[in-house]
Amino acid sequence: MRGDVRDALKRWLGPDAGVLDALSDQELAELHDALSAARRHQARALAAATDEAMRQLPPLVRASVGRIVGR
Amino acid sequence: MARDLATKAELMKLARALHTTPEGVRFAASLEYEEIRRLRERVTAALYDEHRTAFQRVAAITRLLPTAVNVRITLRAFTPFLAARVAGEMAPERAAELANRMPVEYLAEGSIHLDPRRAAPLIQRMDPDRVLAVIRELVDRTEYVTLGRLLDAATSWIIRGVAATVSDEALLRIGFYAECDAQLTTAVSMLPAPRLREVVHTALTGPLDLRSAGLSLIGRLTDDRLRGRIAEYAAEADDDTLTLLLRTALDEDAADDLLTALTAMGERARHRVLALPALADHDTLARLLRTPH
């Protein structure tokens, strides 16, 4: 199995995520794909929700809030 | 105790955590249910912690504004999803103060996205009537995975309120997804005897998922006396109903839950169940005995 998949999963789930040892290479690859997809889904959902929130704020407040939330 | 129904529930919860379908988490099907749960907890933590800093900043802003202004801004500008993520980073007292002024539908949608690690302190500080209203809304939306998670945070008052207002079917489905066996046992023990008997009847005479939920429930209880009471209620059913439960247990790999129930009931009830004609059938008996336990 490619070590980068296991390394990425350990980075996301914690180096002591022992459950990873119970999964086969194929299962680890599928977990990696599912978690990557979930992260992308979440990032898109949060970006959309934050954009919507910014649109609703009065223009005077928008710039300050944008700086605070890093957008 | 057979955990195949528990495994099924855990796979469903893992799928929810990963925003995918049960087919999308087949990679975890070979794991024990406790391992799936540990994996889900790691996945949940990873996803909720990923963007935490931004939410902490927004939560910090809310400390500067009066509650009424916060509520107005939140309802105008924040989707329930975003509000739930910010609420998870606020002091629970402050978050509860805001939640108590928000519409039930908004809170119900938000509770689906609330960080499960931070739900309990918030819910326990909210107005109990509002929490009950949110729970009823979640039941209407058939959000049983969310409700099972929230059961851990429910106070005795809330559990009694839910039991008094929610259908047997909903109670069984919530119980199927409950996180903690001890809290599930506490919740079931609070049901008055006539209601508990009705819930058992509903499980026995309902569709497959309710029979499965009933079997899972009896296997998960941590109180043998309570398990015995429920098992005896079940033993009052007619032969056809009990045979259907037997077949469900075999088909769903939940024979251990059935045997646990059999062990827990009194001798008279046990004799009545063991006298079922279906148990004299060689194939059925062979399947029952082949089931690992």
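## Salt bridges and surface charge in a predicted model

Across all chains, the structure holds 25 salt bridges. Keep in mind as you browse that this is a predicted model. Three of the pairs in chain B are picked out here, B:K13 with B:E179, B:E143 with B:R16, and B:R287 with B:D251. A patch of negative charge and some notes on confidence in chain A round off the tour.

**The B:K13 and B:E179 pair**

- B:K13 and B:E179 form a salt bridge whose closest N and O atoms are 3.2 Å apart.
- Because B:K13 lies in helix α1 of chain B and B:E179 in the loop between α12 (168-176) and α13 (181-189) of chain B, this pair ties together parts that are 166 residues apart in sequence.
- Both partners, B:K13 and B:E179, are buried.

**The B:E143 and B:R16 pair**

- In the salt bridge between B:E143 and B:R16, the closest N and O atoms are 2.8 Å apart.
- Distant parts of the chain are linked here: B:R16 sits in helix α1 of chain B, while B:E143 is found in the loop between α9 (128-140) and α10 (144-150) of chain B, 127 residues apart.
- B:E143 has 14% relative accessibility and therefore counts as buried, being under the 20% cut-off.
- B:R16, at 34% relative accessibility, counts as partly exposed.

**The B:R287 and B:D251 pair**

- The side chains of B:R287 and B:D251 meet in a salt bridge, at 2.8 Å from N to O.
- This pair also links distant parts of the chain, with B:R287 in helix α20 (residues 282-290) of chain B and B:D251 in helix α17 (residues 239-251) of chain B, 36 residues apart.
- B:R287 counts as partly exposed, with a relative accessibility of 34%.

**A shared network**

- B:E10, B:K13, B:R37, B:R40 and B:E179 are joined into one network by salt bridges that share partners.

**Negative charge on the surface**

- A patch of negative charge on the surface brings together B:D4, B:E32, B:E34 and B:D253.
- One of these residues, B:D4, belongs to helix α1 (residues 4-17) of chain B.
- B:D4 counts as partly exposed because its relative accessibility is 39%, which falls between the cut-offs of 20% and 50%.

**Confidence in chain A**

- Chain A has a mean pLDDT of 85, with 92% of its residues reaching 70 or more.
- Within chain A, confidence is highest in helix α1 (residues 3-13) of chain A, at a mean of 91, and lowest in helix α3 (residues 59-69) of chain A, at 73.

Technical notes:
Residues are numbered from 1 along each chain as its sequence is written. Chains are lettered from A and ligands numbered from 1 in the order in which they are written. This is a predicted model: local features need pLDDT of at least 70, side-chain atom pairs count only at pLDDT 80 or more; totals for chains, interfaces and linings use all residues. Side-chain values use heavy atoms; hydrogens and water are left out. Patches are made of residues with over 30% relative accessible area and no salt bridge: like charges are joined within 9 Å, nonpolar side chains (Val, Leu, Ile, Met, Phe, Trp, Tyr) within 5 Å. Accessible areas come from the Shrake-Rupley method with a 1.4 Å probe; for residues, only the protein chains shown count as cover. A salt bridge is a side-chain nitrogen of Lys or Arg within 4 Å of a carboxyl oxygen of Asp or Glu. Lys and Arg count as positive and Asp and Glu as negative; His and the chain ends are not counted. The place of a charge is taken as NZ of Lys, CZ of Arg, CG of Asp or CD of Glu. Helices (H or I, at least four residues) and strands (E, at least two) are DSSP runs, numbered from the N terminus. Buried means under 20% relative accessible area, exposed over 50%, partly exposed in between (1.4 Å probe, protein chains only). pLDDT is the predictor's confidence in each residue, from 0 to 100.
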